[in-house]
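Me: I'd like to learn how to read a pocket and the sheet around it. Could you walk me through one case?

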Amino acid sequence: MSESDQRMLDGAEEPNAGSVEQWIGARNYKRWTRLLEFIDENYPGVFTPDWIFGGKKYGWGLRFKKSKSFCTLIPERNRLVVQIVFGGEERAKAEEILSELSPGVRDAYTNATTYHDGKWLAVAVDSDKVMDDIERLLTVKRKPKRV
């Protein structure tokens with residue numbers, strides 16, 4: 001399956017909960033909602049989720065951003081991908097806990113490309129362990145603001 005078959009590429013129609021659930025499947029949609037709840041509970045009032053359309057090549061993503069990017073949830077056919085961009089200080093913190101993360105997440109981080117604006121990690125969330133790792137990496141990226 002090519003990337004264009006996997007991404008939500010209809011730029012005329014912003015995704016909604018129903019279309020995302022149908023696209024990524026029920027199991028992945030549970031993970032999607034778990035991430036939304038995690039962000040809402042740990043960063044109350046910090047982020048306003050924003051659907052962005054990356055064009056016909058990248059499709060739709062749900063971005064969480066304040067002054068800099070926090071993460072983007074990317075709905076793909078029958079899977080969920082989370083993209084996190086780590087700046088210099090954030091990379092150092094992430095690398096301190098790398099050995100504690102699952103092998104797939106470690107490999108994805110190690111093989112992620114580093115650009116001028118940071119290390120771009122994209123991880124397919126395919127298990128609860130990967131979900132735990134993503135949540136941990138998000139707390140490394142930005143300290144939770146629990147009330």
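Me: What volume does the largest pocket have?

Reply: Happy to help! Rolling a probe the size of a water molecule over the atoms shows where empty space is left. In this predicted model, the largest pocket comes out at about 510 Å³.

Me: Which residues lie nearest its centre?

Reply: Look for Arg7, Tyr58, Ile74, Gln83 and Trp120, which lie nearest the centre of the largest pocket, out of 23 lining residues. By character, the lining divides into eleven nonpolar, six polar and six charged residues.

Me: Which strands each supply at least two residues of that lining?

Reply: Strand 1 (50-53), strand 2 (60-65), strand 3 (69-76), strand 4 (79-86) and strand 6 (118-124) each do so.

Me: In what order do the strands of the sheet come?

Reply: Read across the open sheet of six strands and you get 1-2-3-4-6-5, paired antiparallel. Strand 1 and strand 5 (113-115) are the edges, each pairing on one side only. On average, neighbouring strands are turned by 25° against each other, ignoring direction.

Me: How many bridges join strand 3 to strand 4?

Reply: Five, and these two strands run antiparallel. For a landmark, find proline 75, which stands opposite leucine 80 in strand 4.

Me: And the helices: which strands does helix 6 touch?

Reply: Helix 6 (residues 103-111) packs on the sheet and touches strand 4, strand 5 and strand 6, with its direction at about 145° to that of strand 6. Helix 7 (residues 128-141) lies across strand 3, strand 4 and strand 6, and runs at about 25° to strand 4.

Notes
Residues are numbered from 1 along each chain as its sequence is written. This is a predicted model: local features need pLDDT of at least 70, side-chain atom pairs count only at pLDDT 80 or more; totals for chains, interfaces and linings use all residues. Side-chain values use heavy atoms; hydrogens and water are left out. On a 1 Å grid over the protein atoms alone, a cavity is a set of points where a 1.4 Å probe fits but cannot get out, and a pocket is an open set with protein on both sides within 12 Å along at least five of seven lines; lining residues have an atom within 4 Å of a point. Grid points are joined across faces, edges and corners, and a volume is the space filled by probe spheres set on the points. Helices (H or I, at least four residues) and strands (E, at least two) are DSSP runs, numbered from the N terminus. Ala, Val, Leu, Ile, Met, Phe, Trp, Tyr, Cys and Pro count as nonpolar, Asp, Glu, Lys and Arg as charged, and the others, Gly among them, as polar. Two strands pair if DSSP finds at least two bridges between them. Axes are lines fitted to C-alpha atoms, for helices over the stretch in contact, and angles run from 0 to 180 degrees between N-to-C directions. Contact means heavy atoms within 4.5 Å.
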